[in-house]
Amino acid sequence: MPDFSELGLAPELLRAVADEGYTEPTPIQAQAIPHVLQGRDLLGAAQTGTGKTAAFVLPILQLLKPMSSTSPSPARHPVRALVLTPTRELAVQISESAATYGRHLPLRSGVVYGGVPMPPQQKMLLAGLEILIATPGRLLDHANSKTVNLSQVSILVLDEADRMLDMGFMPDLKRILAMIPKQRQSLLFSATFSEPIRALAQDFLRDPITVEVARRNQTNENVRQVIMAVDDRRRRQLLSDLLRTKPWEQALVFVNRKVEANRLGDFLHRDGHTVVEIHGDKDQKQRNRALAAFKAGEARVMVATDVAARGLDIEALPAVINYELPFDPEDYVHRIGRTGRAGALGEAVSFVAPDEMDKLSLVRKLTKAGLHMEIPLGYEPILLDFPRDLIAKAQMIRLQRGRR
Ligand code: AMP
């Protein structure tokens with residue numbers, strides 16, 4: 001792996017990187033940064049957790065450095081780089097990275113997203129900023145009310161493009177693309193290279209460099225993946241007692257539906273755990289508060305739905321629990337990617353009831369790494385339907401029970 005100093009980054013940026021304590025670039029950074037600095041378009045296959053944010057934020061800061069200005073005049077601070085991202089949480093994280101890595105440069109950056117009042121964002125936009133991070137809907141609201149002018153954008157980033165398509169942002173993206181100059185540098189990041197993503201890339205990148213970093217989750221040997229056979233009626237109790245038994249400092253629990261997130265959070269709370277929930281029915285303030293509490297360690301458990309958890313940068317969680325298997329096996333890969341990051345050991349535990357065998361077989365196809373089966377005594381279902389090879393090597397485990 002090359003050193004950061006070999007990537008062609010300016011001293012101000014190297015200093016910011018050193019401030020963060022990074023010693024060497026991640027693979028996506030080493031591969032992407034030199035090309036982006038040369039002005040090339042980029043198609044990057046990388047998920048959150050690979051260091052992809054710095055892979056585009058660092059070179060963008062450098063490319064904009066010659067245009068930086070200490071003048072207070074808004075006219076001297078047009079939007080020059082636009083980063084579009086599907087979720088508010090991801091937008092906030094990218095803007096935090098832009099502030100962190102840009103701290104030694106006089107460039108302004110800011111973020112706009114929906115679910116919060118417009119006026120503070122309008123005020124920020126009218127004051128001028130070079131780097132704007134936005135979710136598509138809210139950006140259009142601002143464009144329509146003429147508080148933002150995108151005619152000087154020279155760099156465009158689509159982050160988590162696959163999620164943006166999944167979430168139905170394509171029409172919004174098209175509208176935004178029509179507002180920014182055709183002459184520009186474009187970077188597209190996506191966790192998957194599905195057909196729609198290839199089509200989007202064709203439309204919108206010119207002679208791109210393609211950079212693909214290993215799907216962490218499929219290759220990540222730092223994650224022990226466990227299938228825990230459970231009787232459907234004992235799921236909640238199993239979760240509570242598992243959390244009581246395991247020494248995990250924190251755990252992220254995934255559920256498939258928003259209502260379940262609330263119910264489960266309430267149950268865990270009553271059963272003595274510190275817990276926050278994050279899902280689409282919470283407003284932005286509540287979600288920010290929940291995430292902050294979890295990051296600060298005030299809550300040991302966070303219950304989340306897939307969409308709400310997308311792109312959240314929560315470092316090196318010791319455990320991810322699938323309270324139920326997701327409908328889409330890709331989501332399984334995303335979920336377990338939240339543990340075992342950057343060399344730390346992690347555990348991904350999936351509760352599986354007999355009626356989930358279809359979902360289980362899809363997950364098994366997708367994960368090359370072996371799955372261990374554990375049978376929690378006292379919560380287990382009738383095992384008839386489970387795959388023989390898993391049962392043959394299954395381990396019995398005993399959990400500590402709560403006061404009930
Ligand atoms: P990302 O994939 O951009 O969400 O980044 C995941 C995490 O890795 C973030 O918490 C970054 O602060 C961290 N990170 C980014 N680049 C490096 C690096 N070169 N060395 C160590 N950590 C990094």
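Two strands count as paired here if DSSP finds at least two bridges between them. Keep that in mind for the sheets. And note that this is a predicted model.

Let's start with the first sheet. It is open and has 7 strands, in the order β3-β4-β2-β5-β6-β1-β7. The pairing is parallel. At the edges sit β3, residues 109–112, and β7, residues 209–212, and each of these pairs on one side only. Neighbouring strands are turned by 15° against each other on average, with direction ignored.

Now look at β4, residues 131–134. What joins it to β2? There are 4 bridges, and β2, residues 81–84, runs parallel to it. Val83 stands opposite Ile133 in β4. Leu84 has Ala134 as its bridge partner. Then β3: again 4 bridges join it to β4, and the two run parallel. On that side, Val112 stands opposite Ala134.

Are the residues on the faces of β4 buried or exposed? Ile131 and Ile133 on one side are buried, and so are Leu132 and Ala134 on the other. Both faces of β4 are covered.

On to the helices at this sheet. Helix α5, residues 119–127, lies across β3 and β4. It runs at about 150° to β3. Helix α9, residues 195–204, packs on the sheet as well. It touches β1 (42–45), β5 (155–158) and β6 (185–190). The direction of α9 makes about 175° with that of β6.

Next, a helix pair. Two packed helices are described by the angle between their axes and the distance between the axes. For α3, residues 52–64, and α4, residues 88–101, the angle is about 45° and the axes are 10 Å apart. Therefore α3 is oblique to α4. The crossing of α3 past α4 is right-handed.

Which residues make the contact? From α3, we have Thr53, Ala54, Phe56, Val57, Leu58 and Leu61. From α4, Ile94, Ser97, Ala98 and Tyr101. By class, that contact has 8 nonpolar residues, 2 polar ones and no charged ones.

Two backbone details before the second sheet. Most residues other than glycine have a negative phi. Glu160 has a positive phi of about 50°, and it is not a glycine. You will find Glu160 in the loop between β5 and α7, the latter being residues 161–166. Its relative accessible area is 8%, so Glu160 is buried. Asp207 also has a positive phi, near 45°. Asp207 lies in the loop between α9 and β7. Where Asp207 is concerned, relative accessibility is 58%, so it counts as exposed.

Now the second sheet. It is open, with 8 strands in the order β10-β11-β9-β12-β13-β8-β14-β15. The pairing is parallel. Its edge strands are β10 (275–278) and β15 (395–397), each pairing on one side only. The twist averages 25° from one strand to the next.

Inside this sheet, take β8, residues 223–229, and β14, residues 372–376. They run parallel, joined by 3 bridges. Ile227 stands opposite Met373 in β14.

Two helices to finish. Helix α11, residues 235–245, lies across β8, β9 (251–254), β11 (301–304), β12 (319–322), β13 (346–352) and β14. It runs at about 160° to β13. Helix α13, residues 284–295, packs on the sheet and touches β9, β10 and β11. The direction of α13 makes about 140° with that of β10.

Note on methods
Residues are numbered from 1 along each chain as its sequence is written. This is a predicted model: local features need pLDDT of at least 70, side-chain atom pairs count only at pLDDT 80 or more; totals for chains, interfaces and linings use all residues. Side-chain values use heavy atoms; hydrogens and water are left out. Axes are lines fitted to C-alpha atoms, for helices over the stretch in contact, and angles run from 0 to 180 degrees between N-to-C directions. Contact means heavy atoms within 4.5 Å. Angles under 35 degrees count as roughly parallel, over 145 as roughly antiparallel, 65 to 115 as roughly perpendicular and the rest as oblique. A crossing is left-handed if the near helix is turned anticlockwise from the far one by less than a right angle, and right-handed if clockwise. Ala, Val, Leu, Ile, Met, Phe, Trp, Tyr, Cys and Pro count as nonpolar, Asp, Glu, Lys and Arg as charged, and the others, Gly among them, as polar. Buried means under 20% relative accessible area, exposed over 50%, partly exposed in between (1.4 Å probe, protein chains only).
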